[in-house]
Amino acid sequence: RDSRYFAMERRGVKYANFHEEPPALRPPKIPMKDLMLALVLFVVGTVCLLCGANVFFKTSLWESLPLNILGGLCFIPGAYHSFIFLMVLKKVPGYSYDMIITYQQ
């Protein structure tokens with residue numbers, strides 16, 4: 001950077017560093033299919049885990065095992081992707097839609 005930049009910055013010029021990185025014209029489009037898939041996995045996983053816990057406490061481990069496995073397999077990716085979507089929607093720095101794995105080309 002040259003001295004003109006620092007002089008402009010000291011004087012309070014509003015757009016002193018505008019040439020470095022222009023602002024985005026539009027926010028990125030929300031991948032709705034991926035958002036819905038993440039929410040469905042999260043809800044199905046939560047319901048299966050709760051049902052598995054209920055069956056475990058009422059009957060036995062062996063009868064609750066399929067529900068707990070299915071619940072875990074749905075809950076973990078659903079919670080992970082839902083958290084990323086939440087952070088992107090809250091505009092937390094460091095989170096973007098690029099972090100979400102999509103299978104569309």
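Reader: Before we count anything, what counts as a helix or a strand here?

Author: Helices are DSSP runs of H or I with at least four residues, strands are DSSP runs of E with at least two, and both are numbered from the N terminus. This is a predicted model, in which local features need pLDDT of at least 70 and side-chain atom pairs count only at pLDDT 80 or more, while totals for chains, interfaces and linings use all residues. Residues are numbered from 1 along each chain as its sequence is written, and side-chain values use heavy atoms, with hydrogens and water left out.

Reader: OK, so how many helices and strands does the protein chain have?

Author: The protein chain has 3 helices and 0 strands, and along the sequence they give the pattern α-α-α.

Reader: Does α2 run straight, or what do its ends say about its span?

Author: Helix α2 covers residues 32–58, and its 27 residues should span 39 Å at 1.5 Å a residue, where the expected span is 1.5 Å times one less than the number of residues. The end C-alpha atoms of α2 are 39 Å apart, which agrees with that expectation.

Reader: And what about the span of α3?

Author: The 29 residues of α3 should span 42 Å, and its end C-alpha atoms are 39 Å apart, which agrees. Following α3 comes lysine 91, whose phi is positive, near 60°.

Reader: Switching to burial: how much of the protein chain is buried?

Author: Buried residues make up 20% of the 105 residues, where buried means under 20% relative accessible area, exposed means over 50%, and partly exposed lies in between, with a 1.4 Å probe and protein chains only.

Reader: Which residues of α2 are buried, and what covers them?

Author: The buried residues of α2 are Asp34, Leu35, Ala38, Gly45, Cys48 and Gly52, and their cover includes α3, residues 61–89. In turn, the buried residues of α3, among them Ser64, Gly71, His81 and Phe85, pack against α2; contact here means heavy atoms within 4.5 Å.

Reader: What makes up the largest nonpolar core?

Author: The largest nonpolar core has 7 residues, namely Leu35, Ala38, Ile84, Phe85, Val88, Tyr97 and Ile100. α2 and α3 each supply at least two residues of this core, and α3 gives the most, with 3 residues. Such a core is a set of buried Ala, Val, Leu, Ile, Met, Phe, Trp, Tyr and Cys residues joined through side-chain atoms within 4.5 Å.

Reader: What does leucine 35 touch?

Author: Leaving aside residues up to four places away in sequence, leucine 35 touches Ile30 and Phe85.

Reader: Now the outside: which residues make the nonpolar surface patch?

Author: Phe56, Phe57, Leu61, Trp62, Leu65, Ile69 and Leu73 make a nonpolar surface patch of about 810 Å². α3 gives the most to this patch, with 5 residues. Patch residues have over 30% relative accessible area and no salt bridge, with like charges joined within 9 Å and nonpolar side chains (Val, Leu, Ile, Met, Phe, Trp, Tyr) within 5 Å; a salt bridge is a side-chain nitrogen of Lys or Arg within 4 Å of a carboxyl oxygen of Asp or Glu.

Reader: Is tryptophan 62 buried or exposed?

Author: Tryptophan 62, which lies in helix α3, counts as exposed because its relative accessibility is 67%.

Reader: And proline 66, buried or exposed?

Author: Proline 66 is also placed in helix α3, and at 52% relative accessibility it counts as exposed. Between proline 66 and cysteine 48 there are 9.2 Å in space, C-alpha to C-alpha, although they are 18 residues apart in sequence.

Key:
Areas by Shrake-Rupley, 256 points an atom, 1.4 Å probe, with all protein chains shown as cover.
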